[in-house]
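This report looks at chain content, a nonpolar core and one helix pair. The structure comes first.

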There are 2 protein chains.
Amino acid sequence: MYTTAVAMFQSEGEFVKWLRGLAPEKSKRVRTGVGDDAAVVRVGRDRDLILTADLSIEGVHFTSRLHPARSVGHRALARSLSDIAAMGGVPRFALISVVLPRAISRAWVEEFYRGVMDLARHFQVDVVGGDTSIARRIAMIDVTLAGEAARGKGLLRSGARPGDMIYVSGRLGQSARGLEILKLRARKSKRTLKKQPDNSETAAALKAHLYPEPRCHLGRWLQTAGIPSAMMDISDGLSTDLTRMCEASGVGAKVDAGRIPGPSGVAPEHSLGLALNGGEDYELLFTAPKRKVSKIPRSYRGISLRCIGRICRSRDVLLVDQDGRQSPLAPEGYDHFSK
Amino acid sequence: MYTTAVAMFQSEGEFVKWLRGLAPEKSKRVRTGVGDDAAVVRVGRDRDLILTADLSIEGVHFTSRLHPARSVGHRALARSLSDIAAMGGVPRFALISVVLPRAISRAWVEEFYRGVMDLARHFQVDVVGGDTSIARRIAMIDVTLAGEAARGKGLLRSGARPGDMIYVSGRLGQSARGLEILKLRARKSKRTLKKQPDNSETAAALKAHLYPEPRCHLGRWLQTAGIPSAMMDISDGLSTDLTRMCEASGVGAKVDAGRIPGPSGVAPEHSLGLALNGGEDYELLFTAPKRKVSKIPRSYRGISLRCIGRICRSRDVLLVDQDGRQSPLAPEGYDHFSK
């Protein structure tokens, strides 16, 4: 939510603060509203409902030049699924609103919805509605997802405490690496149509970008096991999202550069850059108190879980290199289409 | 939902049918999905959750030339509130996703959100999130609203039975009349800035268009009193929405032209046209079995309730004029910006 703040506000934080100020008197039904991965609200006696909405805009989140329609649909739903995963919830119901240019083909629309529906089916999510309209030029999608969590059990990004260890799932920067490959191919294909078979590293990076798998099962398992003190998804790059978690929790962090799992098959320095600042990984970032670390396996259903650092009392977010030198880890959220 | 079907599908019906076909195996949690005013889904033991999403697009649902920012915000939320009202539910939580052109002023954004928040407060709805992004030219809003109803009690449009009487709330065509006045003024103001005070008819029509009040309390009361056999809101004009109700219920209808409450202060024939085909009234259309008619008051909290006809076994939807002549009531959904 609010990954791109409205331009005339200085920052996402300022916008969220202003928006909260407009409606200060929240009802008792709202556990967390504007500003976390998703909103957590009360319905019934024993349930919390998790609500999230995510926009996918042509030219911002995808381009028809690089992304097949099926991937656009898959990614649009994946963004919201990842928000629910980040809270340890179970995704249940989706509303898909689409604004499409009049000139778009029926084949595109069919492939788009197949991308949505295949992923929905995979996570047993019911697509129950939405809205449709026509615009002049660009395609826009807004996915709203409702999920469930046991009352008061949804995980927030604000629970990290000094001394907690910091973990990430999977490999970071894979999606950004996939996008690099797609762009390279788009340029090459103008010169030559010769196609080489993908090696496994390339295939993994392309899959991570075009058909990312949100970590719903992992998030649910971590929540049920009572391990994380805080959790969120990595949608805008580790540097940006870890900074957000630290700000929400009122803490700082030290991250070991050498322990961050980046994409393989590229130069180490480039790999680190992608891992820190590449967006749309949809992996989970969580913290755990030291006494719970022994409960964390090396991997869960084939997804690796790696300790990359720890939470500190000081508010600084620092990167520690192989030689022990510390430098500030500035949030450099990846701008997907500026490069 | 799906008020504008995607252009390459022949009709809204065809699109909804195709969309349903993509995901035939709905879970038991879904009571009604794609195709009604809103989706009704199960959460917890005793509650149903009502979910609806509605797009508001510049150039389709509003123009910055005619609609102040506050009205744009009010109307965007009103559309979804009306969907919840139509099911007799209680609106609870809203997600507001906005895509805005980079050139828009901060004053516009602030007024827009005030319009949303003032209406939300009026109906005790919590705005709990959403998303924001930037587009090149036009503004777009997607409002998702979650409401509640007692389990299995949400009213659907498919329950009308032969012999039921047809009712509408308030005055139809008021919003379309308000839009006419706004357009007339926009043309006039190029020639002269002289402003006359609004008479009460003009003021009522302008309010109905710019700041419509969704019938949430009325819808809830009707549902609780167990009166309607079917209910929906009138968002695209009586001719269109009554046809939809009849199709969903597998019935027909006879409507008395003389009993339809249209806008006052205009010629009778023009008034009837506005009432039949003017959109965005957000009044309620419902049917009631004859034995329940005595429970329906002439008005509820100042909103009139008028019987305008009855449901028939034959599938035809007919308009009966003062002389008893019948003609087909063709769905002529008002295209707000084509005139």
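The paragraphs below go from chain A to the core and then to two helices of chain B.

This is a predicted model, in which local features need pLDDT of at least 70, side-chain atom pairs count only at pLDDT 80 or more, and totals for chains, interfaces and linings use all residues. Residues are numbered from 1 along each chain as its sequence is written, and chains are lettered from A in the order in which they are written.

Chain A holds 8 helices and 15 strands, taken as DSSP runs (helices H or I, at least four residues; strands E, at least two). Of its 339 residues, 55% are buried, meaning 20 or more other C-beta atoms within 10 Å of the residue's own, C-beta atoms being placed from the backbone. Contacts are C-beta pairs within 7 Å; among those in chain A between residues at least 6 apart in sequence, 83% join residues at least 24 apart.

The largest nonpolar core (buried Ala, Val, Leu, Ile, Met, Phe, Trp, Tyr and Cys joined through C-beta atoms within 7 Å) has 186 residues. A:Leu51, A:Ala94, B:Leu51 and B:Ala94 touch the most other members. Leaving out residues up to four places away in sequence, the contacts of A:Ala94 include A:Leu77, A:Ala120 and A:Leu145.

In chain B, α2 and α3 pack together as tabulated, with axes fitted to C-alpha atoms over the stretch in contact.

| Helix pair | Residues | Angle | Axis distance |
|---|---|---|---|
| α2(B) and α3(B) | 69–85 and 106–122 | about 40 degrees | 7 Å |

The two are therefore oblique, a class outside under 35, 65 to 115 and over 145 degrees.

Technical notes: A residue is buried if 20 or more other C-beta atoms lie within 10 Å of its own, exposed if 12 or fewer, and partly exposed in between; C-beta atoms are placed from the backbone. Two residues are in contact if their C-beta atoms, placed from the backbone, lie within 7 Å. Axes are lines fitted to C-alpha atoms, for helices over the stretch in contact, and angles run from 0 to 180 degrees between N-to-C directions.
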